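Please look first at the sequence and the model shown here. The paragraphs after them may be read with the structure in view.

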Amino acid sequence: MHIKLKNCQPGHFYAVGVGPGSPDLITLRAANLIQSADTVIVPRSELAGESLALVTIRDLIGEQEVIEHVYPMKRDSAQTRSCWAEVATEVATRVSAGLSVVQVTIGDPMIYSTSSYLIESLTELLPSEHIHVVPGISAFQATAALLVEPLTLQEDRLTMMPATDMAAIAHALKHCETLVLYKVGPRLRQLAALLEEHRLLDQARLACYVEQNGREAIFRNFRDALTDDSHGYMSTVIVRVGNRSWEQNPPVGEVA
Ligand SMILES: C[S@@+](CC[C@H](N)C(=O)[O-])C[C@H]1O[C@@H](n2cnc3c(N)ncnc32)[C@H](O)[C@@H]1O
């Protein structure tokens with residue numbers, strides 16, 4: 001078998017997902033683009049000691065210029081957009097000079113990712129055909145795989161949201177069969193109380209630092225996670241609310 005791999009083209013930008021953290025979950029396309037790039041932009045939150053994306057791709061870095069970009073963790077849209085607009089100018093200068101630039105991101109670039117802000121600003125500075133996105137394995141997919149529990153079957157509805165708004169979560173629990181929650185860390189106990197209220201605590205799983213060497217922790221029993229407060233930001237919760245079968249939900253106009 002011969003796989004034709006894509007190298008970076010001069011004068012192009014690539015937002016590249018690198019998966020949840022294990023280097024062997026980086027796609028071949030992503031690895032090849034990172035290795036062939038002139039510049040690699042690595043995002044790091046102001047709260048993190050190191051960039052998880054950089055740790056993931058470390059073995060792919062050689063001669064490329066690496067720019068670590070520290071971004072704010074405040075829930076302030078204007079500040080976030082202005083920070084990424086600055087990076088976009090830096091990227092566009094290089095791309096317009098014929099260099100290839102890759103921005104790496106944990107998981108997938110289209111799911112709660114800084115890449116989306118960067119792309120938003122870049123569309124005003126570069127021709128759209130010079131902007132590319134390479135999908136990565138998202139944390140919720142890696143979590144479901146580790147649990148060996150399907151996310152959806154038949155007519156099931158999958159909902160995803162940050163664990164920031166308990167009222168929104170309570171609403172979602174009534175309108176989906178599987179709920180994925182990101183950014184759980186500090187709200188673990190509040191979330192557990194809500195799930196208990198809905199009699200769903202036994203159907204909830206917590207996965208922390210999935211596929212990150214030496215740090216991974218999987219809680220099939222959510223109660224076990226409540227004994228300590230140190231689970232942090234890199235945590236994903238999957239709640240299996242129920243199931244919606246073909247038989248109970250025939251397509252509109254069809255009789256079961
Ligand atoms: C800014 S979002 C990034 C999501 C990412 N783009 C994706 O596709 O999974 C950060 C959130 O993703 C989840 N996450 C990312 N990587 C994770 C991992 N390795 N283990 C558990 N959760 C993770 C956590 O909920 C974290 O708060």
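The text that follows turns from the nonpolar cores to one helix and then to the ligand.

This is a predicted model, in which local features need pLDDT of at least 70 and side-chain atom pairs count only at pLDDT 80 or more, while totals for chains, interfaces and linings use all residues. Residues are numbered from 1 along each chain as its sequence is written.

In soluble globular proteins, nonpolar side chains tend to be buried together. A nonpolar core is a set of buried Ala, Val, Leu, Ile, Met, Phe, Trp, Tyr and Cys residues joined through C-beta atoms within 7 Å; a residue is buried if 20 or more other C-beta atoms, placed from the backbone, lie within 10 Å of its own. The largest such core has 34 residues, of which V16, L33, I34, V102 and V104 touch the most other members. Helix α3 gives this core its largest share, six residues. Apart from this core lies another, of 29 residues, including F140 and V210.

Helices (H or I, at least four residues) and strands (E, at least two) are DSSP runs, numbered from the N terminus. In helix α5 (residues 139-147), the buried residues are A139, F140, Q141, A142, T143 and A144. They pack against β6, β7, β8 and β10, where contact requires C-beta atoms, placed from the backbone, within 7 Å.

Which residues are closest to the ligand? Among the 24 that surround the ligand, they are G107, S138, A139, Y182 and V210; a residue counts as near if its C-beta atom, placed from the backbone, lies within 6 Å. Strands β8 and β10 each supply at least two residues of this shell.

Note on methods:
Buried ≥ 20, exposed ≤ 12 C-beta atoms within 10 Å, placed from the backbone. Contact = placed C-beta atoms within 7 Å.
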